[in-house]
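Please open the model in your viewer and keep the sequence panel beside it, since each stop on this tour begins with a selection.

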Amino acid sequence: MEFDGLLSGVLERRYKRFLADVTLADGATVTAHCPNTGAMTGLAEPGLRVWLSESDNPARKLRWTLELVETDQGIACVHSALANKVVGEALERQRIAPLRGDWEIRPEVRIPGSARVDFVLSRGEERVIVEVKAVTLLGERGAGLFPDARSERAQKHAEALAASVLPNTRAVLLYCVFHSGIQRVSPAAEIDPAYAAAVRKAVDEGVEVIACSCAISPQSIEVIGMLPVEGLAE
């Protein structure tokens, strides 16, 4: 996935969850939309270098969108909704090893027990249901944790995946790692024990949990490999 001319600046503050004040190179301070509902732990500190995208849509209230944040530990994409686009391109290009194959790829599909899932891969009678989660929380020693705040919605997604496992249907929880400092991933049991328990139960019922790493820059984001997933057993 390529960006179209991001502009760099310095983060002044993130507030009211969806707003961020950024000082640009010319000294002007702008208010950008922050497209991340999580805590953004470690990625919302004043003084961090950030990158913004610009929109010329007159219907938008805010012209700018916060896309990337750089810390001493690496660069992160905080626009979590982009994970689906990045994963969709990776599926098309056969970049995700456990999901390679001659699949028909359909995004945003409604299935029983869930409002929708991010992708359904189909081939004859076979199906793979894929739910994508963007991971940006960097813990100790390169550990990536999800979620970064309690998420009842994420817990329900794990439960829906578990209910989808059938003899001809695989269910996959895919962590798309959006922080270049992350080397492995696990459910954030200390932050959201209910979610971690739901993921472990889903694994017991046949859900596969995988994680992909991404190359992240102000020019593009693309999947480059797989990372280990830990914390799936008691």
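Begin by selecting Glu152, which is exposed, with a relative accessible area of 56%. Keep in mind throughout that this is a predicted model. Now add Lys156 to the selection: its side chain forms a salt bridge with Glu152, and the closest N and O atoms are 3.4 Å apart. Lys156 counts as partly exposed, at 49% relative accessibility. Because the two residues are four apart in helix 2, about one helical turn separates Lys156 from Glu152.

Next, move to a set of residues that belong together, namely Glu108, Arg116 and Asp118, which are joined into one network by salt bridges that share partners. Within this network, display the side chains of Asp118 and Arg116, which meet in a salt bridge with an N to O distance of 2.8 Å. Which of the two is buried, and which is partly exposed? Asp118 has a relative accessibility of 3% and therefore counts as buried, while Arg116, with a relative accessible area of 26%, is partly exposed.

A further pair to select is Arg63 and Glu54, whose side chains meet in a salt bridge at 2.3 Å, N to O. Arg63 is partly exposed, with a relative accessible area of 47%, and Glu54, at 47% relative accessibility, counts as partly exposed too. The pairs visited so far are among the twelve salt bridges that the structure holds.

Turn now to the pockets, starting with the largest pocket, in which about 710 Å³ of space lies. To find its centre, select Thr37, Ser80, Lys133, Phe146 and Arg153, which are the closest to that centre of the 30 residues that line the pocket. Then colour the elements that each give two or more residues to this lining, which are helix 1 (82–92), strand 8 (114–123), strand 9 (126–135), strand 11 (143–146) and helix 2 (152–164). Which of the elements gives the most to the lining? Strand 9 does, with five residues. If you recolour the lining of the largest pocket by class, you should find twelve nonpolar, nine polar and nine charged residues.

From this pocket, keep Phe146 selected and look across to strand 13, where Pro187 stands opposite Phe146. Strand 11 and strand 13 pair in the parallel sense, over four bridges. Widening the view brings in an open sheet of three strands, whose order is 10-11-13 and whose pairing is mixed. Strand 10 (137–138) and strand 13 (184–187) stand at the edges of this sheet, and each has a single partner strand, so one side of each is left without a neighbour in the sheet.

Pro187 also leads to the last stop, because the lining of the second largest pocket consists of Leu145, Ser186, Pro187, Ala188, Ala189, Glu190, Ile191, Arg200 and Gly231. About 190 Å³ of space lies in this second largest pocket. Coloured by class, its lining shows five nonpolar, two polar and two charged residues.

Methods:
Residues numbered from 1 in each chain as written. Predicted model: local features only at pLDDT ≥ 70, side-chain atom pairs only at ≥ 80, totals over all residues. Heavy atoms only, no water. 1 Å grid on protein atoms, 1.4 Å probe; cavity = no way out; pocket = protein on both sides within 12 Å on 5 of 7 lines; lining within 4 Å. Points joined across faces, edges and corners; volume = space filled by probe spheres on them. Nonpolar A, V, L, I, M, F, W, Y, C, P; charged D, E, K, R; others polar. Pairing = 2+ DSSP bridges. Salt bridge = Lys/Arg side-chain N within 4 Å of Asp/Glu carboxyl O. Buried < 20%, exposed > 50% of the residue type's maximum accessible area, 1.4 Å probe, protein only.
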